Amino acid sequence: MQPPPLKLVVVIASDSDADRLMRRLVEQGYPATKIGSTGGFLRRGNATILSGVEEGEVEAVVATIRAECRARTEHVPLQALPLFGEGAVLTEPVEVRVGGAIVFVVAVERFEKT
Ligand code: 2BA
C-alpha cells in the first residue's frame, strides 16, 4: 500500500508568535523545525517554521497557525523602511501588518530519513 501523500507546511511568523506556535504544534504531535529569518520589507527578525505532515493533517495544522498567529497593524516611521526610508521627506508613519502568518503548503516529492 502507498503511504499517504506528504505536504510541507511553510509558515513565516513573527518571533513572538513563533515560539508559542512551535509549542502548540509539538504538543499536538506534529513535527516542526524553526529557522530564524528576516523580512525583506521591514528587515525585522521573523521565524520560518517547517512542518512535514500527511495531507489529511494539513487543515488541523493550519487551524493551529490561525489560532496562534493573529495579525494586527502597527504604525512604522517611513524612515525606518529600507526601500523608502533614505531621503524620505514625509514624516507620517505608514500602517503595516504585523503578526499573523504567511502559509505555503507544498507537495513533498520524496521524504527520506537516513
Ligand atoms: P516583511 O517583508 O518584512 O513584510 C512585513 C509586512 O510589511 C508585510 O506583512 C506587509 O504587511 C508589509 N509589506 C511587505 N511588503 C510591502 C510592500 N512592498 N509595500 C507595502 N507593505 C509591504 P506580511 O504580508 O504579513 O508578511 C510578513 C513576512 O512574511 C514578510 O516580512 C516576509 O518575511 C514574509 N512574506 C510575506 N509574503 C511572502 C512571500 N510571498 N514570499 C516569501 N515571504 C513572504
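Me: In what order do the elements of the protein run from the N terminus on?

Reply: They go β-α-β-β-α-β-β-β, which adds up to 2 helices and 6 strands. Keep in mind that this is a predicted model.

Me: Why is Ser-51 called buried?

Reply: Buried means under 20% relative accessible area. Ser-51 has 2%, so it counts as buried. You'll find Ser-51 in strand E3, which covers residues 45-54.

Me: What makes the link between Ser-51 and Pro-31 a polar contact?

Reply: The side chain of Ser-51 reaches the backbone oxygen of Pro-31 at 2.6 Å. The limit for such a pair of N or O atoms is 3.5 Å, so 2.6 Å falls within it. Pro-31 also turns up among the residues in contact with Ser-51, along with Lys-7, Leu-8, Val-9 and Tyr-30, once neighbours within four places in sequence are left aside.

Me: Is Thr-64 buried or exposed, and how do you know?

Reply: Same kind of check: the cut-off for buried is under 20%. Thr-64 has a relative accessible area of 7%, so it is buried. Thr-64 belongs to helix H2, residues 58-68. Leaving aside neighbours within four places in sequence, Thr-64 is in contact with Leu-21, Arg-24, Leu-25 and Gln-28.

Me: Why does Ala-32 count as partly exposed?

Reply: Partly exposed is the band between the two cut-offs, under 20% for buried and over 50% for exposed. Ala-32 has 21% relative accessibility, so it goes into that band. Ala-32 lies in the loop between helix H1 (15-27) and strand E2 (33-38).

Me: Which residues is Ala-32 in contact with, leaving aside neighbours within four places in sequence?

Reply: Those are Met-22, Leu-25, Ile-49 and Leu-50. Each has heavy atoms within 4.5 Å of Ala-32, because that is what contact means. As for Leu-21, it is 11 residues from Ala-32 in sequence, and the C-alpha atoms of the two are 9.5 Å apart.

Me: Let's turn to the ligand. Which residues are around it?

Reply: The residues around the ligand are Ile-12, Gly-39, Gly-40, Phe-41, Leu-42, Asn-46, Arg-97, Ile-102 and Phe-104. They divide into 5 nonpolar, 3 polar and 1 charged. Gly-39 and Gly-40 go with the polar ones, because Gly is counted as polar.

Me: What makes Gly-40, Phe-41 and Leu-42 polar partners of the ligand?

Reply: Set the distances against the 3.5 Å limit for N or O atoms. A backbone N or O atom of Gly-40 is 3.2 Å from a ligand oxygen. For a backbone N or O atom of Phe-41, the distance to an oxygen of the ligand is 2.9 Å. A polar backbone atom of Leu-42 sits 2.8 Å from a ligand oxygen. These distances are within 3.5 Å, so they count as polar contacts.

Me: How much of the ligand's accessible area does the protein cover?

Reply: On its own, the ligand has 750 Å² of accessible area, and the protein covers 53% of that.

Me: How does the radius of gyration of the protein compare with that of a compact globule?

Reply: A compact globule of 114 residues would come out near 13 Å, but the protein has 17 Å. Along the principal axes, its C-alpha trace spans about 65 × 25 × 20 Å.

Me: What share of the protein's residues count as buried?

Reply: That's 30% of the 114 residues. The protein exposes about 7,700 Å², and carbon and sulfur atoms supply 55% of that area.

Technical notes: Residues numbered from 1 in each chain as written. Predicted model: local features only at pLDDT ≥ 70, side-chain atom pairs only at ≥ 80, totals over all residues. Heavy atoms only, no water. Near = heavy atom within 4 Å. Polar contact = N/O pair within 3.5 Å; in protein donor to acceptor, adjacent residues only side chain to side chain. Areas by Shrake-Rupley, 256 points an atom, 1.4 Å probe, with all protein chains shown as cover. Helix = DSSP H or I, 4+ residues; strand = E, 2+ residues; numbered from the N terminus. Rg over C-alpha atoms; globule rule 2.2 N^0.38 Å. Buried < 20%, exposed > 50% of the residue type's maximum accessible area, 1.4 Å probe, protein only.
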